[in-house]
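Reader: Please choose one part of this structure and describe it closely, together with its surroundings. I should like each term to be explained where it is used.

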Amino acid sequence: MAELKEGDQAPAITSKDQNGIDVSLSDYKGKTVVLYFYPKDDTPGCTAEACDFRDNYQGLQAKGIVVLGVSVDDEKSHQKFVTKHNLPFTLLADTDQKIVNDYGVWAEKNMYGKKYMGTVRTTFIIDGDGKIIHIIKKVDTKNSTQQVLNLINN
C-alpha cells in the first residue's frame with residue numbers, strides 16, 4: 001500500500017473498542033479526530049502518551065476534537081489499560097492488524113539488534129470530512145497533545 005500523505009482520504013475504520021462496541025471513523029463525521037497509533041498497552045512510552053491525552057482531554061473536547069487510540073492489543077487489554085489509567089477516550093482493538101496496515105504503520109522494527117514487526121508510533125489528525133490534515137511521525141509521548149494543538153491552531 002502507498003504511504004498515506006496529508007490531504008489523502010483517511011482509510012475507513014471499524015473495530016471493537018475496549019467495551020466490545022463497534023466504532024467506525026465515520027461515526028465522527030464533522031469532527032476533528034486525533035487517531036493515534038501506539039505499540040502496546042501499559043508500556044512506559046504508551047502510558048505517557050495516553051496519560052498526556054487524558055490530562056488534556058477536556059481542552060481537546062472543548063475544541064471539538066475526538067481522540068481515538070489504536071493498538072493491536074485486544075479489548076480485554078485495552079479495558080485494563082483504560083481502567084488502570086482512567087482514560088476517558090476510546091481505544092480500538094486491531095487484533096487482525098487491518099487498521100495498522102491500512103494506515104501504513106505496521107513495519108519492521110529493531111530493538112537491541114532483534115528485528116520484529118510492530119506498530120510505529122504515529123498520530124493522524126483527520127478533519128470532519130475524513131481527510132488527513134496532519135501526520136505526526138516523531139511523536140513526543142510526554143507532549144503529544146501539545147504537538148496536536150500546535151498543528152491544529154496554526
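Author: Strand β4 and strand β5 (residues 90-93) pair in the parallel sense, over four bridges. Two strands count as paired if DSSP finds at least two bridges between them; strands (E, at least two residues) and helices (H or I, at least four residues) are DSSP runs numbered from the N terminus. This is a predicted model, in which local features need pLDDT of at least 70 and side-chain atom pairs count only at pLDDT 80 or more, while totals for chains, interfaces and linings use all residues. Residues are numbered from 1 along each chain as its sequence is written, and side-chain values use heavy atoms, with hydrogens and water left out.

Within the pairing of β4 and β5, S71 has A93 as its bridge partner in β5. Between these two strands the chain passes through helix α3 (residues 75-85), and this β-α-β crossover is right-handed: with the strands pointing away from the viewer, the path from the first strand over the helix to the second runs clockwise. The loop between α3 and β5 contains N86, whose phi is near 55 degrees, a positive value in a residue other than glycine. N86 counts as exposed because its relative accessibility is 59%; exposed means over 50% relative accessible area, buried under 20% and partly exposed in between (1.4 Å probe, protein chains only).

β4 also pairs with β3, in the parallel sense and over six bridges. There V33 stands opposite V66 of β4. Seven of the seven residues of β4 are buried, so the strand is largely enclosed by the rest of the structure. Its two faces are both covered, with I65, V67, G69 and S71 buried on one side and V66, L68 and V70 buried on the other.

The wider setting is an open sheet of seven strands with mixed pairing, in the order β2-β1-β5-β4-β3-β8-β9. The edges are held by β2 (22-24) and β9 (132-136), each of which has a single partner strand, so one side of each lacks a neighbour in the sheet. β3 (residues 32-37) and β8 (residues 122-126) pair in the antiparallel sense over five bridges, and F37 stands opposite T122 in β8. Helix α1 packs on this sheet, touching β3, β4 (65-71) and β8, and its direction makes about 160 degrees with that of β3. Contact here means heavy atoms within 4.5 Å. Angles run from 0 to 180 degrees between N-to-C directions, and axes are lines fitted to C-alpha atoms, for helices over the stretch in contact.

Helix α5 contributes to the surroundings of β4 as well. The buried residues of α5 are S144, T145, Q147, V148 and L149, and they pack against several elements, including β4, β3 and α1. α1 (residues 44-55) and α5 (residues 144-152) pack at an angle of about 60 degrees, with their axes 7 Å apart. In this contact, E49, D52 and F53 of α1 meet S144, T145, Q146 and V148 of α5.
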